[in-house]
Amino acid sequence: MYASPTSVDQVIVVGEGTTDRSNIDRSKNTAVIAPPFGSPESYQPGSGTALIPQATTSTSAGTATGSSTIYLPPASYEDGTPAEDTSLTDTKFTLPDGLYYSDGSLGRLKIPSLGLSVKVYEDESLESLAKGAGHFKSTSCWDGNVGLAGHNRGVANHFGQIHTLENGDKITYTTRLGTRTYEVFYVGQIKETDFSRLGRTSENMITLITCVRNVPELRWCVQAREVQ
């Protein structure tokens with residue numbers, strides 16, 4: 001003989017009553033891969049790369065995949081309008097395969113006054129920063145404002161002394177697209193959530209960002225313009 005049931009929860013049957021629940025999407029196809037820790041995208045709600053790609057729709061600004069809008073780097077930023085990208089990658093500035101060196105690096109950063117010469121790798125992930133400097137993938141890879149991040153302590157403390165730079169100090173950046181020399185015009189502290197200095201610019205410049213030792217809510221920021 002069976003015992004009496006103990007559950008008093010109401011059983012809901014799909015489609016029963018006035019509300020038809022049969023068309024509710026209960027799958028996990030909207031899951032996303034979180035952006036790199038500390039990146040500009042990590043502070044934006046709903047950002048990340050779709051774990052399972054959704055149907056794509058074209059927009060006036062580019063091609064949307066899930067919640068991401070993807071851009072190719074234009075030849076220049078004079079008109080402020082990025083070119084449309086159909087590669088469906090998760091980076092806003094898609095890098096051509098031929099831009100990488102055989103070791104996977106994107107280029108080399110040199111600051112003579114600091115005796116610094118370090119390779120640059122794509123994205124600002126911990127893996128990239130452990131090897132050298134990391135390129136903010138939300139910034140241009142060449143024309144306009146190139147954003148780079150680096151550690152300020154530990155074994156890979158490549159940016160540990162950038163706060164000692166002075167206006168007029170030179171910075172060089174070499175990629176397969178050529179070599180550019182920049183002149184420092186700004187050295188200061190910014191909030192960790194302030195990414196305004198990584199915005200696109202019509203002039204060629206480079207922006208370096210690292211942590212402020214023992215002050216987690218601040219970052220050192222160095223900016224330099226191309227020497228004409």
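**View 1. Thr 139, a buried loop residue in a predicted model.** Thr 139 has 1% relative accessibility and therefore counts as buried (under 20% relative accessible area, with exposed over 50% and partly exposed in between; 1.4 Å probe, protein chains only). Thr 139 lies in the loop between β9 (133–135) and β10 (145–149). Strands are DSSP runs of E with at least two residues, numbered from the N terminus. The Thr 139 side chain makes a polar contact with the side chain of His 135 (3.2 Å). The Thr 139 side chain also reaches the backbone nitrogen of Gly 147, at 3.1 Å. A polar contact is a pair of N or O atoms within 3.5 Å; within protein, one must be able to donate a hydrogen and the other to accept it, and residues adjacent in sequence count only if both atoms are side-chain atoms. Residues are numbered from 1 along each chain as its sequence is written, and side-chain values use heavy atoms, without hydrogens or water. Local features need pLDDT of at least 70 and side-chain atom pairs 80 or more, while totals for chains, interfaces and linings use all residues.

**View 2. The barrel and its β7–β8 pair.** Eight strands close into a barrel, in the order β7-β8-β9-β10-β13-β14-β12-β11, with mixed pairing. Pairing requires at least two DSSP bridges between two strands. Strands β7 (residues 107–111) and β8 (residues 116–122) are antiparallel over five bridges. Leu 109 has Val 118 in β8 as its bridge partner.

**View 3. Ile 111 in strand β7.** Ile 111 counts as buried because its relative accessibility is 0%. Lys 170 is 59 residues from Ile 111 in sequence, yet 6.4 Å away in space, C-alpha to C-alpha. Beyond four places in sequence, Ile 111 is in contact (heavy atoms within 4.5 Å) with Leu 116, Ile 162, Leu 165, Lys 170, Ile 171 and Leu 208.

**View 4. The largest nonpolar core.** This core has 23 residues. A nonpolar core is a set of buried Ala, Val, Leu, Ile, Met, Phe, Trp, Tyr and Cys residues joined through side-chain atoms within 4.5 Å. Among the members that touch the most others are Leu 109, Phe 159, Tyr 173 and Leu 208. Strand β8 gives the most to this core, with three residues. A second, separate core of nine residues includes Phe 136, Ala 149, Ile 190 and Cys 221.

**View 5. Residues 52–92, with pLDDT below 50.** The chain averages a pLDDT (the predictor's confidence in each residue, from 0 to 100) of 76. Of the residues, 63% score at least 70. Beyond near neighbours in sequence, the stretch 52–92 has 77 contacts in the model.

Definitions and conventions:
Helices (H or I, at least four residues) and strands (E, at least two) are DSSP runs, numbered from the N terminus.
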